[in-house]
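Let's take a walk through this model together. Keep the sequence and the 3D view open side by side as you read.

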Amino acid sequence: MRETKPIILSRDQHCVSRKQIDESSLKVLYRLHRHGFKAYLVGGSVRDLLLGRQPKDFDIGTDATPSQVRKLFRNCFLVGRRFRLAHIRFAGNKLIEVATLRRHPTEEELPDNPDDHSHFVQNVFGTPCEDAFRRDFTINALFYNIGDFSVIDYVGGLQDLKKKQIRVIGDPLVRFVEDPVRMLRAIEFAARLNFSIDQNIYSAIEKHKALLSSAAPARIREEIMELFRHKISGSVLKHCRELGMLPHLLAGYPGTDESIALLEKIDRRTASGIPIEESFAIAALYLRLFMDICPHGEKINISEVLHKANEIIVPHCHYFSIASGIRHQARELLIGCFRLARGRGFRGERRFLQHPFTPRALELFTLWSEVRPELEPLLANWSRAIEQQKTPNAQNPPQKRRRNNRRRKKPQQEKLEN
Ligand code: ATP
Ligand code: MG
């Protein structure tokens, strides 16, 4: 690859200050530099600092090889099978990731299996310029050099930051075939930063969106959870629906208006400081579909409801290899919402009120009732009952259950409930 001349902003030409950089990351940068290696802050952290945002993490790029990095730091261990990364541990279980600068693999270095789209993580070291060009978007390929405190731009990222636009490095038609997850990341970063999307990205998505279903499920799962963590699940999945990406991204998720509206409520909840759990996110994704196939006005027993919840949750969890504990919680949330929507007075209510999952189901149901205001009176009624359950009234101690030795007949129990 031909080396491109970068734009270099010296310290007085940009706003990135060392005061904004995490202390442990600075220590790592300085130590690498003192030992004669190139040491850069790379990726999202430079982008965020230039935008005046707080970076999520501070990734470091260097020309030291992983084993050279390990020799410099006592608290360092190497991870990764295909691409070795150095993890340096600091007090408080803090980890700083150091990656050796790398480049695009050549044709011969590509994996034999053409379906393996993960080859951008091949273990081939490169120059800073080559490292910039293997990245996804121009705004994600800026470097901050600890050697002279300059910002280095090989790909036009500074201009795109100014213009507030997401632009792929190179031809999106090629880069999306190389790694289809980049299509989702383009929509994600545009939503996160409130940037516009380059027209050629849209054309390439139109052409290659079906490739999303060939991407590694674990990576899609991670990006989807990123959407929830960044409080943009509603807006991004709505955009994905408009672009026809949903069937290739989340095969069982219909993305109806009401379901998107619920995700927007979930995002607001996350923005208020409540951390999002994956089970909650999964239940939120499928609640509308579940309510459709389990209409609470009809006679339906709980074992049937359980079956329907499984029909929705199991394929999702199976495809994304989601642990059974999370799957179980997501299913319980759906069933809890069904019980809440069905109303009061059914058998098993007392146990339901005491169940540890019920307050969480109520939280989800509360957001759902914002989408479906006709549920609000019911919600108020349940909320009172659940609150009373949490703080039992001293004058009204819970009645002692009469003990008798008769066992209930299990199979009839669920039927009687309805
Ligand atoms: P965040 O704030 O979410 O951490 P980020 O830009 O740091 O944003 P990461 O997913 O942490 O995003 O990735 C770190 C960097 O690695 C990116 O900035 C980008 O330069 C590069 N990168 C990540 N994923 C890809 C990809 N699929 N293709 C090419 N480069 C990628
Ligand atoms: Mg990052």
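**From a helix to the ligand and beyond**

Let's begin with Glu222, which counts as partly exposed because its relative accessibility is 41%. Bear in mind as you look around that this is a predicted model. You will find Glu222 in helix H9. Now look for Phe320: it sits 98 residues away from Glu222 along the chain, yet the C-alpha atoms of the two are separated by 9.7 Å.

Helix H9 is also a good way in to the ligand. Residues 217-229 make up H9, and this helix is one of the elements that give two or more residues to the shell around ligand 1, along with helix H2 (44-50) and helix H7 (181-193). Which helix supplies the largest share of that shell? It is H7, with four residues.

Where does the ligand sit? The space that ligand 1 takes up is the largest pocket. There are 17 residues around ligand 1, and those that come nearest are Arg47, Asn140, Asp179, Arg182 and Arg192. If you sort the shell by residue type, you get twelve charged residues, three polar ones and two nonpolar ones.

Next, zoom in on the oxygen atoms of ligand 1. An oxygen of ligand 1 lies 3.0 Å from a side-chain N or O atom of Arg185. Lys56 also takes part through its side chain, where an N or O atom is 3.2 Å from an oxygen of ligand 1. With Gly44 the partner is in the backbone: a polar atom there is 3.3 Å from a ligand 1 oxygen. How much of ligand 1 does the protein bury? On its own, ligand 1 would expose 580 Å², and the protein buries 85% of that.

Let's move on to the loop between helix H4 (128-134) and strand S7 (142-145), where Asp136 is found. Is Asp136 buried or exposed? Its relative accessible area is 10%, so Asp136 is buried, the cut-off for that being under 20%. To see what lies across from this loop, pick out Gly43: Asp136 and Gly43 are 93 residues apart in sequence, while their C-alpha atoms are 9.8 Å apart in space.

Arg135 belongs to the loop between H4 and S7 as well. Arg135 counts as buried because its relative accessibility is 13%. Turn on the side chains here and you can follow a polar contact of 2.9 Å from the side chain of Arg135 to the side chain of Asp131.

For another buried arginine, travel to helix H12, which spans residues 257-271 and holds Arg269. With a relative accessibility of 11%, Arg269 counts as buried. What does the side chain of Arg269 contact? It makes a polar contact of 2.8 Å with the side chain of Glu363.

Finish the tour at Lys5, in the segment before strand S1 (7-9). Is this residue buried or exposed? Lys5 is exposed, because its relative accessible area is 75%, and the cut-off for exposed is over 50%. Even so, you can pair Lys5 with a residue from elsewhere in the sequence: Ile152 is 147 residues away along the chain, and the C-alpha atoms of Lys5 and Ile152 are 9.9 Å apart.

How values were computed. Residues are numbered from 1 along each chain as its sequence is written. Chains are lettered from A and ligands numbered from 1 in the order in which they are written. This is a predicted model: local features need pLDDT of at least 70, side-chain atom pairs count only at pLDDT 80 or more; totals for chains, interfaces and linings use all residues. Side-chain values use heavy atoms; hydrogens and water are left out. A residue is near a molecule or strand if one of its heavy atoms lies within 4 Å of it. A polar contact is a pair of N or O atoms within 3.5 Å; within protein, one must be able to donate a hydrogen and the other to accept it, and residues adjacent in sequence count only if both atoms are side-chain atoms. Accessible areas come from the Shrake-Rupley method with a 1.4 Å probe; for residues, only the protein chains shown count as cover. On a 1 Å grid over the protein atoms alone, a cavity is a set of points where a 1.4 Å probe fits but cannot get out, and a pocket is an open set with protein on both sides within 12 Å along at least five of seven lines; lining residues have an atom within 4 Å of a point. A molecule sits in a cavity or pocket if more than half of its atoms lie within 2 Å of its grid points. Ala, Val, Leu, Ile, Met, Phe, Trp, Tyr, Cys and Pro count as nonpolar, Asp, Glu, Lys and Arg as charged, and the others, Gly among them, as polar. Buried means under 20% relative accessible area, exposed over 50%, partly exposed in between (1.4 Å probe, protein chains only).
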